[in-house]
Amino acid sequence: MMSRLSHTLEITRSLIDARRGRGHPLYLVHALTARCNARCGFCAWNPEFYSAKDQLSTEAIEKLYTEAKAAGFIGVSVWGGEPLLHPDFGRIMSHAHGLGLNTHMVTNGFLLERKLDAVIPHVDRLCISLDHPSELHDELRGIKGLFERIVAATKAVRARAPSKQIVFICTLQKANVNPESIRGMTALMNELGVLGVFNCLREEPAAEGVESSIGAFVPTQSELTVAFSLLTELKRQGYPILNSYTHLSAMRAGPPVYRCHWPKFMLPIEANGDVVDCMHWGTRPIGNVKDAPFAELLQHPRLRALAGPAAEACHKCVSIHRVEISEVCSGNLEPIRSWSMLRKPPTPVRPSARL
């Protein structure tokens, strides 16, 4: 068995190769299913036009993860749709975890409490979408009772797995960009002992024949400036905000300008097996794992091109992970200090701290 030191050196070497554009991505971003029980107005993958009928079989997913591990991938992030709607979620995540892949899930949290037996042993990091510290979140996501279920599930996870990494992902939009909502979110994160990420919306390439309505949800830059200024102050006070000061500053000045290195590390795959070119998301897939061996797809010219100047010139994305990965690869190591917060549950801010 490989020693921890040897394993760390192997990952480090792979990361360096990816950074230099000599290797291939190292982390799968897999839409486990296209099915979803939410109706988020800003979501680009609404199930009304993104069919679930052609999604990969469970056996094909296990084969994909096995081949990814053999190719040197170090982790998989599952989302959707809603990943907990997949009937074989537990089996799939057990397989991924058993391969030694780092496992990460993004969920809306509605089914989380009833699926804990599948989640806790096999998911290393759990991300729950939560946009407001009240039942207004139910309206924003289109699921009645969702806020209460998220709070209950988070407490249940904490009770059974105190050291489990839990992150609330708050998507800033017109309905929650105000200071009162942001203060309420950080207070709730502090109370529940979870970390928080504050993300923004951006226009993705629309699927064919679909009109995007995301503009109706996007806050103005002046609103975002106020929001990220407040988040910077709250982070300084010790509230469990995972965004780095680099990302907070970039969004406060907005929109961020950076050299994008994200495609060198992350490989998006849709529920139907499409390997996605992030510069043409949903419109021009590179290929499909049903039609070609995974190792062959990793050598596709378009995928290789994403590790070069074409992708580096793009900075349309405003999400924390794309900005921060790119900044670290460009020599700014400040985000790594925030990433270290993932090692253990946050220490609650004392009640005397001023919000």
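Lys264 and Glu312 form a salt bridge through their side chains, with 2.6 Å from N to O. This is in a predicted model, so please keep that in mind for everything I say. The two partners come from distant parts of the chain, 48 residues apart. Lys264 sits in the loop between helix H9 (245-253) and strand E7 (266-269), and Glu312 belongs to helix H12 (residues 309-312).

Are these two residues buried or exposed? Lys264 has a relative accessible area of 3%, so it counts as buried. Glu312 is at 15% relative accessibility, and because the cut-off for buried is under 20%, it is buried as well.

Now the other salt bridges. A search of the whole structure finds eight of them. I will go through two more.

One is between Arg91 and Glu59, where the closest N and O atoms are 3.5 Å apart. Here too, distant parts of the chain are linked: Arg91 is in helix H3 (residues 89-98) and Glu59 is in helix H2 (residues 58-70), with their positions 32 residues apart in the numbering. Arg91 is partly exposed, at 40% relative accessibility. This pair also belongs to a network of salt bridges, made up of Glu59, Glu62 and Arg91.

The other is between Arg160 and Asp117, with the closest N and O atoms 2.9 Å apart. Arg160 is in helix H6 and Asp117 is in helix H4 (residues 116-119), 43 residues apart, so this pair again links distant parts of the chain. Asp117 is exposed, at 60% relative accessibility. Arg160 is at 48%, and because exposed means over 50%, Arg160 counts as partly exposed.

Let me stay with Arg160. Helix H6 covers residues 146-160, and Arg160 is part of it. Which residues does Arg160 contact, if we leave aside its neighbours within four places in sequence? They are Leu116, Asp117 and Ile120. For Ile120, the C-alpha atom is 8.1 Å from that of Arg160, while the two residues are 40 apart along the chain.

Next, a buried residue in a loop. Leu298 lies between helix H10 (294-297) and helix H11 (301-305). Its relative accessible area is 3%, which means it is buried. Beyond its neighbours within four places in sequence, Leu298 is in contact with His24, Ala71, Phe73, Leu267, Leu303 and Arg304. The C-alpha atom of Leu298 is also 9.2 Å from that of Gly23, although these residues are 275 apart along the chain.

Then helix H13, residues 320-329. Why do we call H13 largely enclosed by the rest of the structure? Because eight of its ten residues are buried. Among the buried ones are Ile320, Val323, Ile325 and Val328. The list also includes Arg322 and Glu324, as well as Ser326 and Cys329. Just after H13 comes Gly331, which takes a positive phi of about 105 degrees.

Last, the surface. Leu333, Ile336 and Trp339 make a nonpolar surface patch of about 270 Å². Of these, Ile336 is placed in helix H14 (residues 334-339). Ile336 has a relative accessible area of 38%, so it is partly exposed.

To recap the opening pair: Lys264 and Glu312 meet in a salt bridge, Lys264 is buried, and Glu312 is buried. The Arg160 pair, by contrast, joins a partly exposed residue to Asp117, which is exposed. That is all I have.

Key:
Residues numbered from 1 in each chain as written. Predicted model: local features only at pLDDT ≥ 70, side-chain atom pairs only at ≥ 80, totals over all residues. Heavy atoms only, no water. Helix = DSSP H or I, 4+ residues; strand = E, 2+ residues; numbered from the N terminus. Buried < 20%, exposed > 50% of the residue type's maximum accessible area, 1.4 Å probe, protein only. Contact = heavy atoms within 4.5 Å. Patch = residues over 30% accessible without salt bridge, like charges linked within 9 Å, V, L, I, M, F, W, Y side chains within 5 Å. Areas by Shrake-Rupley, 256 points an atom, 1.4 Å probe, with all protein chains shown as cover. Salt bridge = Lys/Arg side-chain N within 4 Å of Asp/Glu carboxyl O.
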